[in-house]
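Biologist: Hey, could you walk me through this one? I'm new to reading structures, so plain words please.

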Amino acid sequence: MKFKSTLENYVFVAPAVIIFAIFYIIPFISVFQLAFFDWDGILPTKIFVGLSNFKEIIADKVWWQSVWQSGYITLIALTFQNAVAFLLAWACDREIRMKNFYRLIFFIPPVLSEVVVGLVWQWILNGNYGILNYWLTQFGLANLAHNWLSDPDTALTTVAIVHCWKGFGWGFLLFLAGLQTIPRELYEAARVDGANSWNAFKKVTIPLMIPVVVLVAILTILGTMQVFVLIYTMTGGGPGYHTEVPVLRILASMRGSSRFGYACAQGITFGVILCMVSFTQYLVNKRAKA
Amino acid sequence: MRYGKFLSILVIASLFLFAGCSSKPYSGKSITVWHWMTDREPAFNELAKRYEAKTGIKVNFELYAPSDAYSQKVRAAAQGANLPDIFGILGEKRDFSSFIKAGFILNLTPYMLEDNAKWKNSFFSKALAVNEFNDGNSYAVAPGIYGVPIDIMTIQMVYNKSLFKELGFNPNRPPQTFEELLAVGKKLKAANLEGLVSGWGEIWMIDCLANNYAFNIMGKDKVIATIKGEVPYTDADWIKVLSLFKQMQESGLLASGIVTMVNKTAEQLFANEKAVFAFNGSWSVNVYKGMNPKLEYGAFLPPKASDKYPMAIWGGAGSSFMINARSKNKEEAVKFLSWLTETPQQAYLAEATNNLPANKDSINKISDVMASFAKAMDYATHPNVWGVSEFSPVIEAFDKGIQSIIIGEKTPEQVAAEVQKIKERELAKKR
């Protein structure tokens, strides 16, 4: 009877396990295996090269530049994007007019296709006929007007800001959900105790929002480090290598150079970097909570 | 009851009658073709209908776009041995050779040589060359013809005749020398016009123009010798090639944002008369026609920077189809491609899609601009016919380096040194 019951349980779980194995575990093992080979993705023969793909990654300056650049975009997203998301969520949590309308508006960018967003912003930022330069000129700031995406000094920050515009809605939604779980009685009690708005925010809102902030930070880091569609659409990684990010480099190795083994090694290296970042963040949060 | 029986017989008889009149009955055989050419999809489907009516063989054209996604699909299908009967390969000759060596592509030489090489001789030789592997090729592929060109293309300069006139130049005389080209650049700012637009954000188009000038400045042999590793990229001639981009930027010829510009944007700017020049392929005739049918423009070879060697441009087969060597329908597939490249079908494709036909006899009825692109075939070359391929990381460093020169970040000498360093690294790996 017990055996039958156990078997039944396994039968129920089996489809999910099989699907997970086919679509996640087997490809992961294949990627890990391919990282030790030189393979063009077409020929049936693969040449075993040991760790040489990983050695090459260590010396690949463009790869590390791309990692640094995705780190820079992540830093901007962590600070600027999440600060904007938090402030807007805080504003919408209060009794303001048309707050449902604002909630809807703020959540539009995340649901738009990244390709569409990239193309629209490319048009806005265009140096020749872009609307941004037009308005800068109208407001007497013509000296600031230039080609934002082709200038190496502004290209990366510009794509980072567009990424923030595209992504702040997720943070907004999570922050708003978090703010709405804070019991209103706590604010009333704080007010009775003589706390002003700032003190209530500092002593009630922030401590109770820490778990949500941690969650949003983790999602922001993991999401932003892997950004590429937006950049691919807006700059293609250029000018030069100024907006290259790791996923674009992996694609370049696969598609441009037909080096599947090297691309897999880059993928594993990037995965390890992401794990290290997440683990560090976990430790920092644990220490902060303690 | 009697009336119903009579009606049934009449209906069945009519069906047979109409079926007999319309076309050959469906034979049950079908051929699957994978392609990425969105603009040619309706024309392909029309031709498939005509072929089915003629032979009873159904041809399914399956479109997978954009080309990047298509390319990945073909590779994935090759790994899973699921390639269709007919497909195209996008990429370098090195990739093409890997498909052949893996046994995925049928050698078409015996079919091409039938009837005194009738099929082979119907094509422009340069169109066929892209799909050909000669004796002793560096890819170690058995010599032969492995693909059927569907159309041809050349990539050169186009100029807007009205804007050219507005700038005070003769609208029927495009720049003949590099100095004349730079002279146009100097007049652009005052006229508030953009100069040269091109998809240099997609770096292969920079590579294309740089190679054109490399052929003009140092000749084919020296370019090939560089690829073989016998001449360094730090050679004075290569620095001269790289310096041309600096000169173009300094003269104001290059449109702002060209280093991140995709070709679609460049095409829009040129079609909307915002730019005087574009560096684009013969496929653009169809694109410009769709965007601005009234656009007055002409095509010309990139102006010479040196009199030492002739100017060369990239050209040859625009798109080609290959036959799956493991397909059960390979004989039918050969017959279909042979039919598709016959004069009437090629003429129809040229007319419907504004692409240059690969069949020599179909090129009579084309517009003046298309004729300019077709004439430029005499100057055409392509990396896929050189017999040697440059390492991909070297090509990337070279093209990205040109972007850096244009944005004023690096000098031609610096870029040349960096490219050479990568070249040496790749050569060392090969050894």
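Modeller: Sure. One term to begin with: two residues are in contact if their C-beta atoms, placed from the backbone, lie within 7 Å. Also keep in mind that this is a predicted model.

Biologist: OK, so how many residues does the contact take from chain B and from chain A?

Modeller: Chain B puts in 26 residues and chain A puts in 22.

Biologist: Which helix gives the most to chain B's side of that?

Modeller: That's α16(B), with 6 residues. Helices α3 (67-79), α4 and α16 (392-406) of chain B each bring at least two residues to the side touching chain A.

Biologist: And what classes of residue are on that side of chain B?

Modeller: There are 6 nonpolar, 9 polar and 11 charged residues on the side of chain B that touches chain A.

Biologist: Let's stick with chain B. How many helices and strands are there in chain B?

Modeller: Chain B has 17 helices and 12 strands. Its C-alpha atoms fill a box of roughly 90 × 55 × 35 Å along the principal axes.

Biologist: What does the radius of gyration of chain B agree with?

Modeller: With a compact globule: for 431 residues you'd want a value near 22 Å, and chain B has 25 Å, which agrees. Besides that, 46% of the 431 residues in chain B count as buried.

Biologist: Which domains is chain B divided into?

Modeller: Domain 1 covers 26-151 + 318-373, and domain 2 covers 154-315 + 387-430. Taken over C-alpha atoms, 30 Å separate the centres of domain 1 and domain 2 of chain B. Where these two domains touch, 17 residues come from domain 1 of chain B and 13 from domain 2 of chain B.

Biologist: Which helix gives the largest share of domain 1's side?

Modeller: α15(B) does, with 4 residues on the side of domain 1 of chain B that touches domain 2. By class, that side of domain 1 of chain B has 4 nonpolar, 8 polar and 5 charged residues.

Biologist: New topic: which residues touch the most other members in the largest nonpolar core?

Modeller: B:Val197, B:Ala278, B:Ile323 and B:Leu337, out of 129 residues in that core. Helix α9 (residues 204-227) of chain B gives the most to this core, with 12 residues. Domain 1 and domain 2 of chain B each supply at least three residues to this core. In soluble globular proteins, nonpolar side chains tend to be buried together.

Biologist: What is B:Ala278 in contact with, leaving aside its neighbours within four places in sequence?

Modeller: Its contacts include B:Val158, B:Leu196 and B:Phe270.

Biologist: Any odd backbone spots? Where does B:Asn192 lie?

Modeller: B:Asn192 is in the loop between α8 (178-191) and β7 (194-197) of chain B. Its phi is positive, about 55°, although it is not a glycine. B:Asn354 also has a positive phi, near 55°, and lies in the loop between α14 (343-353) and β11 (356-357) of chain B.

Biologist: Is B:Asn192 buried or exposed? And B:Asn354, buried or exposed?

Modeller: B:Asn192 is exposed, because it has 7 other C-beta atoms within 10 Å and exposed means 12 or fewer. B:Asn354 is buried, because it has 22 and the cut-off for buried is 20 or more.

Biologist: Last one: what is the mean pLDDT of chain A?

Modeller: It's 90, and 99% of the residues of chain A reach 70 or more.

Conventions. Residues are numbered from 1 along each chain as its sequence is written. Chains are lettered from A and ligands numbered from 1 in the order in which they are written. This is a predicted model: local features need pLDDT of at least 70, side-chain atom pairs count only at pLDDT 80 or more; totals for chains, interfaces and linings use all residues. The radius of gyration is taken over C-alpha atoms; the globule rule is 2.2 Å times the number of residues to the power 0.38. Domain bounds come from an automatic or database domain assignment. Ala, Val, Leu, Ile, Met, Phe, Trp, Tyr, Cys and Pro count as nonpolar, Asp, Glu, Lys and Arg as charged, and the others, Gly among them, as polar. A nonpolar core is a set of buried Ala, Val, Leu, Ile, Met, Phe, Trp, Tyr and Cys residues joined through C-beta atoms within 7 Å. pLDDT is the predictor's confidence in each residue, from 0 to 100.
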